[in-house]
Amino acid sequence: MAIKSDRWITRMAKEHGMIEPFEAQQVRDSHGHKLISYGVSSYGYDVRCADEFKVFTNTYSATVDPKNFDPRSFVDIKGDVCIIPPNSFALARTVEYFRIPRNVLTICLGKSTYARCGIIVNVTPLEPEWEGHVTLEFSNTTTLPAKIYANEGVAQMLFLESTPDDVCATSYRDRGGKYQGQRGVTLPRA
């Protein structure tokens with residue numbers, strides 16, 4: 001597998017709709033206001049967080065069960081920022097909608113700006129032929145409230161392409177993956 005460059009990412013976004021909306025450069029400010037950067041970079045794409053958040057709460061003292069998740073464990077927030085309580089987490093989604101090619105695996109890593117503040121971004125790999133908005137998980141590892149900014153960069157996607165003779169036999173779409181085509185912030189599905 002080879003990591004793909006900014007030229008490849010740009011071509012795939014423009015010709016095949018791999019990333020929509022797509023920003024062909026690093027955006028660092030808007031009307032004179034500094035932003036946490038997003039857009040294409042040398043060997044990746046920095047995604048933005050949309051303004052929809054689900055912040056974890058223990059109000060109902062529910063057991064966290066990935067096979068039977070209680071949606072009351074979250075408080076919905078819509079806005080330009082989200083405050084995550086100490087030692088808690090929030091779910092969000094990317095502004096961008098992804099269509100991953102069959103011969104590509106995409107890995108997400110958090111941006112250093114958030115990591116240096118004790119905010120960890122967790123996303124599982126985007127498998128071949130998966131498509132949708134990416135659900136993002138932000139863990140606040142600190143003992144203080146943490147702020148996430150909507151419509152600014154939060155994580156970087158890296159694209160790994162297989163060799164032509166080693167394309168996967170079964171893609172996410174072939175398997176009928178349960179998160180295929182997801183839109184919005186998506187909770188665990190059994």
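Student: Which residues is histidine 133 in contact with, leaving aside its neighbours within four places in sequence?

Tutor: In this predicted model, histidine 133 is in contact with Arg93, Thr94, Val95, Glu96, Tyr97, Gln182, Arg183 and Gly184. Histidine 133 itself lies in strand E12.

Student: Why is histidine 133 called buried?

Tutor: The relative accessible area of histidine 133 is 10%, and buried means under 20%, so histidine 133 is counted as buried.

Student: What makes the approach of histidine 133 to glycine 184 a polar contact?

Tutor: The side chain of histidine 133 reaches the backbone nitrogen of glycine 184 at 3.4 Å, and the cut-off for a pair of N or O atoms is within 3.5 Å, so the distance satisfies that limit.

Student: Strand E12 is also named with the largest pocket; what does E12 give to its lining?

Tutor: E12 gives the most to the lining of the largest pocket, with four residues. The pocket has a volume of about 540 Å³, and of the 22 residues that line it, the closest to its centre are Thr124, Thr135, Tyr179, Gln182 and Thr186. Strand E9 (89–99) and strand E12 (131–140) are the elements that give two or more residues to this lining.

Student: How do the residues of that lining divide into nonpolar, polar and charged?

Tutor: The lining of the largest pocket holds 15 nonpolar, five polar and two charged residues.

Student: Which residues have the most contacts inside the largest nonpolar core?

Tutor: That core has 39 residues, and those with the most contacts inside it are Ile9, Ile19, Phe98, Phe138, Ile148, Val154 and Phe159. Isoleucine 19, for its part, touches Ile9, Ala13, Tyr45, Glu96, Tyr97, Phe98 and Phe159, not counting residues up to four places away in sequence. There is also a second, separate core of six residues, which includes Phe74, Leu91, Val185 and Leu187.

Student: Which residues of helix H1 are buried, and what covers them?

Tutor: In helix H1 (residues 6–16), the buried residues are Trp8, Ile9, Thr10, Met12 and Ala13. What covers them includes strand E2 (19–20), strand E4 (33–41), strand E5 (44–48), strand E10 (104–110) and strand E14 (153–161). After H1 comes glycine 17, whose phi is positive, near 65 degrees.

Student: Why is aspartate 29 called partly exposed?

Tutor: Aspartate 29, found in strand E3 (residues 27–30), has a relative accessible area of 47%. Buried means under 20% and exposed over 50%, with partly exposed in between, so aspartate 29 belongs to the middle class. Not counting residues up to four places away in sequence, aspartate 29 touches Lys34 and Leu35.

Student: What makes asparagine 87 exposed, and which class does asparagine 151 belong to?

Tutor: Asparagine 87 has a relative accessible area of 55%, and exposed means over 50%, so asparagine 87 is called exposed. Asparagine 151, with 37%, lies between the limits of 20% and 50%, and is therefore partly exposed.

Student: What is the phi of each of these two asparagines?

Tutor: Most residues other than glycine have a negative phi. Phi is positive in asparagine 87, near 50 degrees, and in asparagine 151, near 60 degrees. Asparagine 87 is found in the loop between strand E8 (81–84) and E9, and asparagine 151 in the loop between strand E13 (146–149) and E14.

Definitions and conventions: Residues are numbered from 1 along each chain as its sequence is written. This is a predicted model: local features need pLDDT of at least 70, side-chain atom pairs count only at pLDDT 80 or more; totals for chains, interfaces and linings use all residues. Side-chain values use heavy atoms; hydrogens and water are left out. On a 1 Å grid over the protein atoms alone, a cavity is a set of points where a 1.4 Å probe fits but cannot get out, and a pocket is an open set with protein on both sides within 12 Å along at least five of seven lines; lining residues have an atom within 4 Å of a point. Grid points are joined across faces, edges and corners, and a volume is the space filled by probe spheres set on the points. Ala, Val, Leu, Ile, Met, Phe, Trp, Tyr, Cys and Pro count as nonpolar, Asp, Glu, Lys and Arg as charged, and the others, Gly among them, as polar. A nonpolar core is a set of buried Ala, Val, Leu, Ile, Met, Phe, Trp, Tyr and Cys residues joined through side-chain atoms within 4.5 Å. Buried means under 20% relative accessible area, exposed over 50%, partly exposed in between (1.4 Å probe, protein chains only). Contact means heavy atoms within 4.5 Å. A polar contact is a pair of N or O atoms within 3.5 Å; within protein, one must be able to donate a hydrogen and the other to accept it, and residues adjacent in sequence count only if both atoms are side-chain atoms.
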